[in-house]
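Work through these exercises with the structure open beside you. Try each task before you read its solution.

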Amino acid sequence: MPNKDNPLYNENAGITPLPCDNREIDAALRAAARCYEANPYFMARYAERGEAFSRSDGGYMVTLTSHPLAYVIQQIKWLGVLLASRGMPRWLLESHLDLLYDELSATIPKRRVKYRKLLKAAEVLREARHDWISQPDFETLAAAFAANSGNGLANAGEMLVSAVCDEFCGIAKAVPSLVTWLGDPGRFPAQWCTSVEDTLTCARAVAARNGYNHAKIEVSIGAA
């Protein structure tokens with residue numbers, strides 16, 4: 001059972017493995033805080049509950065580094081599908097993994113080789129995204145959204161384009177679970193919502209043009 005005194009503990013996360021090393025705990029807390037700070041969408045939509053999950057997810061990812069790389073990648077793929085289906089595109093998980101590695105390797109340099117598994121897992125997610133939209137196209141689409149939307153939440157364009165990549169990877173709920181909030185006309189002005197739809201249309205066109213000709217179905221998501 002997880003230790004309820006662990007700062008990473010989240011009562012809503014079930015029996016989630018967490019690290020016991022205080023140095024790893026602190027590194028995971030810093031990575032989660034940096035991820036939340038860089039992406040105000042998290043707090044705006046998920047508030048403190050989401051922050052608690054960010055911490056416990058980070059702690060869980062730390063524990064994965066004690067396992068073989070194949071298992072790490074398997075679990076990160078599973079987590080990525082789960083999060084993308086709940087409004088958190090996998091680009092956000094990529095970022096969290098990168099930040100987690102930075103914090104862990106800076107805190108405990110002797111374990112860098114072990115922690116590098118997190119970078120490998122992030123690269124798997126990144127490569128899946130690049131199968132459909134190259135990094136230059138990704139950045140161009142995201143920048144166009146920032147320029148045309150009237151500004152708002154930082155990295156919203158990146159999330160939209162990432163959600164389209166996730167959709168093309170077979171995560172059916174990736175776009176609707178994001179846009180139900182990020183494109184809500186009751187929450188955002190018309191200019192913003194129009195830019196959301198325009199960005200989705202453009203990103204889908206780029207993915208269709210640049211992606212593989214055969215369907216790439218990674219997962220099958222239920223209605224839950």
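**Exercise 1. Describe how helices α8 and α9 pack.**

Solution.
- Step 1: Start with the handedness. Helix α8 passes α9 in a right-handed crossing. Bear in mind that this is a predicted model.
- Step 2: Locate the helices. Helix α8 covers residues 174-182 and helix α9 covers residues 190-210.
- Step 3: Read off the geometry. The angle between the two is about 160°, and their axes lie 11 Å apart.
- Step 4: Classify the angle. Angles over 145 degrees count as roughly antiparallel. Therefore α8 is roughly antiparallel to α9.
- Step 5: List the contacts. From α8, Val175, Val179 and Leu182 take part. They meet Trp192, Val196, Glu197, Leu200 and Arg204 in α9.

**Exercise 2. Do the same for helices α1 and α2.**

Solution.
- Step 1: Locate the helices. Helix α1 spans residues 22-38, and helix α2 spans residues 41-64.
- Step 2: Read off the geometry. These helices pack at about 150°, with 9 Å between their axes.
- Step 3: Classify the angle. The cut-off is again 145 degrees, so α1 and α2 are roughly antiparallel to each other.
- Step 4: Add the handedness. The crossing of α1 past α2 is right-handed.
- Step 5: Look at the contacts. The α1 side includes Ala28, Ala32 and Cys35. On the α2 side, the partners include Gly50, Gly58 and Gly59.

**Exercise 3. Find which residues of the largest nonpolar core touch the most other members.**

Solution.
- Step 1: Take the whole set. The largest nonpolar core has 63 residues.
- Step 2: Pick out the members with the most contacts. They are Ile76, Leu97, Ile133, Leu182 and Trp192.
- Step 3: Ask which helix gives the largest share. Helix α4 (residues 90-107) does, with 8 residues.
- Step 4: Zoom in on Leu97. Leaving out residues up to four places away in sequence, Leu97 touches Met61, Ile76, Leu118, Ala121, Ala122 and Leu125.
- Step 5: Recall the general trend. In soluble globular proteins, nonpolar side chains tend to be buried together.

**Exercise 4. Decide whether Cys35 and Cys165 form disulfides, and whether they are buried or exposed.**

Solution.
- Step 1: Search the whole structure. The count of disulfides is 0.
- Step 2: Check Cys35. Its nearest cysteine sulfur belongs to Cys165 and is 18 Å away. A disulfide needs the sulfur atoms within 2.5 Å.
- Step 3: Check Cys165. Here the nearest cysteine sulfur is that of Cys169, 6.9 Å away, and Cys165 is in no disulfide.
- Step 4: Judge burial. Buried means under 20% relative accessible area. Cys35 has 2% relative accessibility, so Cys35 counts as buried. Cys165 is at 0%, so Cys165 counts as buried too.

How values were computed: Residues numbered from 1 in each chain as written. Predicted model: local features only at pLDDT ≥ 70, side-chain atom pairs only at ≥ 80, totals over all residues. Heavy atoms only, no water. Core = buried A, V, L, I, M, F, W, Y, C linked by side-chain atoms within 4.5 Å. Buried < 20%, exposed > 50% of the residue type's maximum accessible area, 1.4 Å probe, protein only. Helix = DSSP H or I, 4+ residues; strand = E, 2+ residues; numbered from the N terminus. Contact = heavy atoms within 4.5 Å. Axes fitted to C-alpha atoms, helices over the stretch in contact; angles between N-to-C directions. Parallel < 35°, antiparallel > 145°, perpendicular 65-115°, else oblique. Left-handed = near helix turned anticlockwise from the far one by under 90°.
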